[in-house]
Amino acid sequence: VTRRLSSVDGHTFANRHRLVADAIRQDNFHALVVTNSSNIRYLTGFAGSAGLLVVTPERLYLLVDFRYSAAVDGLVRAGLAPASLDPVRLEGSAGYDRRFSELVAEQGWRTLGFEAAHVSVARWRTWQQALASTQPASTQPESTLPVALVATTRVIERLRRRKDAAEIAVLREAAQRLSTVARDVLGDTVRPGRTEVEVAAEIDARLVGAGFEKPAFDTIVASGPNSALPHAHPTRRTLVSGDLVVLDFGGVHEGYCVDLTRTVAIGRVNPDCRRLYQAVHEAHAAAIDLARRPGALTGEVDAAARDVLRQHALDQHFGHGTGHGLGLDVHEEPRLSRRSAETPGDDPIEPGMVFTIEPGVYVEGLGGVRIEDDVLATADGCEVLTDVPREWRQL
Ligand code: ZN
Ligand code: ZN
């Protein structure tokens, strides 16, 4: 079960490990247990669906079962693994959790951080029991103390917000490929008489044709009344004159996700549809302008889009955030959401962040519009990575 792996060099891996090591030392942990697969991939290059990574300031202990041993060996041989990687193979019938607790005992670790958002209560209980019953190998007096599992949040996710040079290169290439697919789709795929599922299937085929590993999420083709549903699934509905059609799709390239939306009109539409479009187009431009401002906060970018829609009396029809980070996950940090107690929106936009700008309005009985592009924040502004015309388009 081998997977294509991104060609991150040893220096990049060492840098990522160093940043996690700093966090581990700061919290006085012996190790951090990483169970989120994107976080594991970020630190090791390993892209399997199962695996468990234990990070110490010095080493990366990657636990893998027989399905993935060959893949990890291949990584190491090809020089695509971090120098600090220590593969730990599961032997016999030992599962991940048992091998993990044995490793803890072997190493004499007493305080371990774990990713609270990525460990089920059941697994946490299993760990507690296994660690309590494991005899430490060390004979030092302190080894009789119980092992403490300490919940952490966003340790690696925070680091992943700012992309390094290797990631930016991959995302830039991916955004160009996605733009090519989008221009082709708008040019010849969206036509009256075709159904939403037919158009979606062709988009997916074009994504693969453009070299993407797979779509980044279920492609959205939402026409007519369906366009007023922000997360519509393609149906057998046929595109007809008078429709607005929202097309939202993305691809995965070397593990990294890009994401784009355009909305087009089929034939003559209600003039109010065009007004919706104009408002969203303005909101999109306002959000990008704000994101260009050095030191801009995530909540301010969202507010810039929302304020424009308020001026058009459409803000009550904008029910989602203005954007989200892109990377190994299609939705990651930073979140450019409406300010609330839960999402204060006071994180500054920092150079290296890659995120979407995607305001939308959804009016029942009329239709919906969303315009989405992918943006890279730079030291002196931002660069729009996707390149597809945003002007009103009537097919
Ligand atoms: Zn999207
Ligand atoms: Zn998106």
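# Reading two zinc sites and the fold around them

Modeller: Asn28 is exposed, with a relative accessible area of 64%, and this residue can serve as our way into what is a predicted model. Asn28 sits in the loop between α1 (10-26) and β1, and its phi is positive, about 60°, although Asn28 is not a glycine.

Colleague: Why is Asn28 called exposed?

Modeller: A residue counts as exposed when its relative accessible area is over 50%, and as buried when that area is under 20%. Asn28, at 64%, is therefore on the exposed side.

Colleague: Where does Glu254 lie, and is that residue buried or exposed?

Modeller: Backbone angles have a usual pattern, in that most residues other than glycine have a negative phi. Glu254 has a positive phi of about 50° and is not a glycine. Its place is the loop between β9 (244-253) and β10, and because its relative accessible area is 15%, Glu254 is buried.

Colleague: Which peptide bond is cis?

Modeller: As a general guide, most peptide bonds are trans. In this chain the bond from Glu333 to Pro334 is cis, with omega near 0°, and Pro334 belongs to strand β12.

Colleague: Let us turn to the metals. Which residues coordinate the zinc ion (ligand 1)?

Modeller: To read a metal site, one looks for N, O and S atoms within 2.8 Å of the metal, bearing in mind that water is not among the atoms, so a site may look incomplete. For the zinc ion (ligand 1), Asp248 supplies two OD donors, while Asp259 gives an OD and Glu372 an OE, at 2.0 to 2.6 Å. Along the chain these donors follow the spacing D-x10-D-x112-E.

Colleague: Why is the arrangement around the zinc ion (ligand 1) irregular?

Modeller: Four donors would count as tetrahedral if all angles lay between 85 and 135 degrees. Here the four donor atoms subtend angles of 55 to 148°, which makes the arrangement around the zinc ion (ligand 1) irregular. Asp259 lies in strand β10 (residues 256-265), whereas Glu372 is in the loop between β15 (367-370) and β16 (373-378), so this pair ties together parts that are 113 residues apart in sequence. Both Asp259 and Glu372 are buried.

Colleague: Which residues coordinate the zinc ion (ligand 2)?

Modeller: The zinc ion (ligand 2) is held by Asp259 (OD), His324 (NE2), Glu358 (OE) and Glu372 (OE), at 2.1 to 2.2 Å. The angles among its four donor atoms run from 80 to 156°, and this site is irregular. Asp259 bridges the zinc ion (ligand 2) and the zinc ion (ligand 1), which lie 3.1 Å apart. Since Asp259 is in strand β10 and His324 in strand β11 (residues 323-325), the pair ties together parts that are 65 residues apart in sequence. Asp259 is buried, at a relative accessible area of 3%, and His324 is buried too, at 5%.

Colleague: How should I read a helix such as α10, and what covers its buried residues?

Modeller: One can compare the distance between the end C-alpha atoms with an expected span. For the 14 residues of α10 (residues 298-311), at 1.5 Å a residue, that span should be 20 Å, and the end C-alpha atoms are 21 Å apart, which agrees. Its buried residues include Val301, Ala304, Val308 and Leu309, and the elements covering the buried residues include α9 (271-292), β12 (332-336), β13 (354-357) and β14 (360-363). After α10 comes Ala313, whose phi is positive, near 55°.

Colleague: What covers the buried residues of α4?

Modeller: The cover includes β1, β2 (52-55), β3 (60-64), β4 (85-89), β5 (111-115) and α5 (121-133). Among the buried residues of α4 are Tyr96, Phe100 and Leu103. Just after this helix, Gly108 takes a positive phi of about 75°. In strand β1 (residues 31-34) we find Ala31, which is buried, with a relative accessible area of 0%. Beyond its neighbours within four places in sequence, the contacts of Ala31 include Ile24, Val54, Trp109 and Leu112.

Colleague: How many helices and strands does the protein chain have?

Modeller: The protein chain has ten helices and 17 strands. Its radius of gyration is 24 Å, close to the 21 Å that the globule rule gives for 395 residues, so the chain is as compact as a globular protein of that length. Buried residues make up 54% of the 395 residues. Of the contacts between residues at least 6 apart in sequence, 70% join residues at least 24 apart.

Note on methods:
Residues are numbered from 1 along each chain as its sequence is written. Chains are lettered from A and ligands numbered from 1 in the order in which they are written. This is a predicted model: local features need pLDDT of at least 70, side-chain atom pairs count only at pLDDT 80 or more; totals for chains, interfaces and linings use all residues. Side-chain values use heavy atoms; hydrogens and water are left out. Donors are N, O and S atoms within 2.8 Å of the metal (3.2 Å for Na, K and Ca); water is not among the atoms, so sites may look incomplete. Four donors count as tetrahedral if all angles lie between 85 and 135 degrees; four count as square planar and six as octahedral if opposite donors are over 155 degrees apart and all others between 65 and 115; anything else is irregular. Helices (H or I, at least four residues) and strands (E, at least two) are DSSP runs, numbered from the N terminus. Buried means under 20% relative accessible area, exposed over 50%, partly exposed in between (1.4 Å probe, protein chains only). The radius of gyration is taken over C-alpha atoms; the globule rule is 2.2 Å times the number of residues to the power 0.38. Contact means heavy atoms within 4.5 Å. The expected span of a helix is 1.5 Å times one less than its number of residues.
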